[in-house]
Amino acid sequence: MDAINPSVELTEAERIDRLRLIRSDNVGPRTFRSLVDHFGSPRAALERLPDLARRGGAARSGRICSADEAKAELAASRKFGIAWRAPGEDGYPARLAMIDDAPPLLAVRGDTKTLMRPMIAIVGSRNASGAGLKFAGLLARELGEAGFIVISGLARGVDQAAHRASVASGTIAVLAGGHDCIYPPEHGDLLAAILDHAGAAISEMPLGHEPRARDFPRRNRLISGASLGVVVVEAAHRSGSLITARMAAEQGREVFAVPGSPLDPRAAGANDLIKQGATLVTEAADIINAVAPIMERPLMHPVSEPDSEPFESDPQGHDRDQITGLLGPTPISIDDLVRMSGASPAIVRTVLLELELAGKLERHGGGLVSLI
């Protein structure tokens, strides 16, 4: 079923370079990909970071992760049973590698074969009703019996119910913090059971990283990105599960929702998803039938970073002023910046990269950017 044979194996030097670049200041997954696309390799990009940040207006260059720091992190991870995998390598979920902000390296613990199988995400309320927890468990069990891996965020409520019901068939926990910083702490036993039964846990964070509020949406994009589709079981308005559903739609994944009572605020978000076009789910067959055509399509795994438009080697001052003047705290699309500035896409992309490396730009979903 839908499994991808890995075709890439990084050298240790390449893995160190990738870790150095993603651990350097102001470099996120999208910036990482842009830099590698342009300069050809993480090592070449590392050499250009100070100059790009200076051109973006930084008073001083941000911290660049040293080779010794990267080696130390890799060594500590190995002692913890963690392997850092890149897109295309065994243990890196194939569908996750295809999202715009895929992690350049993923910290993997557990059975790598499980991570290469087709996944369905189940998410929902942390304070779910008894009926919601029971149904989440039923769905997870039946999906597991049908050959799918259930992926979720190890949170209280629906996540926990989905994981526990699919331990025997294989389940994947996506962590918001480092592998040694389990949240919530009481789910340490659940994670141990997952790993003991051919399951797996993944994170993009280093050991010792305690999850913060902003880390959970980052985690959610991994849950949706790795899966064929996301099932929402009970979610109130403004729920984190709705963020996962939105990300799934942006990533081209299927969105499913379990209907609930109109009188229960815990079901309001899921009911709204159905109104907006999400597939209504009353049994596992609804999910299996919907993803069957997707699984029949060939899944081509990128063995290198996808091509993108080139950068301008050194934009002129008036171009920088024009583009920067259009930016503000309100997000604006990159396409609008190109149209309104009259500059080429290459110049706009370069100026944005310089600003980002100077710590002055924030990237949002959907190709939106804003000044910090």
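Colleague: What makes strand β8 count as mostly covered?

Modeller: The tally of its residues. This is a predicted model. In it, 4 of the 5 residues of β8 (residues 254-258) are buried. Buried means under 20% relative accessible area.

Colleague: How do you know that β7 and β8 pair, and in which sense?

Modeller: Two strands pair if there are at least two bridges between them. β7 (residues 229-233) and β8 have 5 bridges, in the parallel sense. One bridge puts Val233 with Val258 of β8.

Colleague: What about β8 and β9, with how many bridges?

Modeller: There are 2 bridges, and the sense is parallel. The cut-off is at least two bridges, so this counts as a pair. Ala257 has Leu280 in β9 (residues 279-280) as its bridge partner.

Colleague: Which helices join these strands into β-α-β units, and of what hand?

Modeller: Helix α10 (residues 240-250) stands between β7 and β8 in a right-handed unit. Helix α11 (residues 268-275) does so for β8 and β9, and that unit is right-handed too. The term applies if, with the strands pointing away from the viewer, the path over the helix runs clockwise.

Colleague: Where do these strands stand in the sheet?

Modeller: The order is β1-β2-β6-β5-β4-β3-β7-β8-β9. That is an open sheet of 9 strands with mixed pairing.

Colleague: Why are β1 and β9 called edges?

Modeller: Each has a single partner strand, so one side of each is left without a neighbour in the sheet. β1 covers 83-85.

Colleague: How do you know that β5 and β6 pair?

Modeller: They share 3 bridges, in the parallel sense. At least two are needed, so β5 (residues 171-174) and β6 (residues 200-203) qualify. Val174 stands opposite Ile202 in β6.

Colleague: What is the order of the sheet of 3 strands, and how does it pair?

Modeller: It runs β10-β12-β11, open, with antiparallel pairing. β10 (332-333) and β11 (361-364) are the edge strands, since each pairs on one side only. β10 and β12 (residues 368-371) have 2 bridges. Ser333 stands opposite Leu368 in β12.

Colleague: How many disulfides does the structure hold?

Modeller: It holds 0. Cys65 is in no disulfide, and its nearest cysteine sulfur, in Cys181, is 18 Å away.

Colleague: Why is there no bond for Cys181?

Modeller: Its sulfur is 18 Å from the closest cysteine sulfur, in Cys65, which is too far for a bond. The cut-off for a disulfide is within 2.5 Å.

Colleague: Are Cys65 and Cys181 buried or exposed?

Modeller: Cys65 has a relative accessible area of 4%, so it is buried. Cys181 is at 8% and counts as buried as well. The limit is under 20%.

Colleague: Why is α13 called oblique to α14?

Modeller: Helix α13 (residues 317-326) and helix α14 (residues 334-341) pack at about 130°, with axes 10 Å apart. That angle makes α13 oblique to α14. Roughly perpendicular is 65 to 115 degrees, and roughly antiparallel is over 145. The value of about 130° fits neither range, so oblique it is. The crossing is right-handed.

Colleague: What stands out about the backbone of Asn26 and Leu154?

Modeller: Asn26 has a positive phi of about 65°, although it is not a glycine. Leu154 also has a positive phi of about 65°, and it is not a glycine either.

Colleague: Where do Asn26 and Leu154 lie?

Modeller: Asn26 is in the loop between α1 (12-22) and α2 (29-39). Leu154 is in the loop between β4 (149-152) and α7 (158-165).

Colleague: Why is Asn26 called partly exposed, and Leu154 buried?

Modeller: Asn26 has a relative accessible area of 34%. Partly exposed lies between 20% and 50%, so the label fits. Leu154 has 0%, so it is buried.

Colleague: Which peptide bond is cis, and where does its proline lie?

Modeller: The bond from Tyr183 to Pro184, with omega near -5°. Pro184 lies in the loop between β5 and α8 (188-196).

Colleague: What makes Leu143 buried?

Modeller: Its relative accessibility is 0%, so Leu143 counts as buried. Leu143 lies in helix α6 (residues 130-145). Its C-alpha is 20 Å from that of Ser125, 18 residues apart along the chain.

Terms used
Residues numbered from 1 in each chain as written. Predicted model: local features only at pLDDT ≥ 70, side-chain atom pairs only at ≥ 80, totals over all residues. Heavy atoms only, no water. Buried < 20%, exposed > 50% of the residue type's maximum accessible area, 1.4 Å probe, protein only. Axes fitted to C-alpha atoms, helices over the stretch in contact; angles between N-to-C directions. Parallel < 35°, antiparallel > 145°, perpendicular 65-115°, else oblique. Left-handed = near helix turned anticlockwise from the far one by under 90°.
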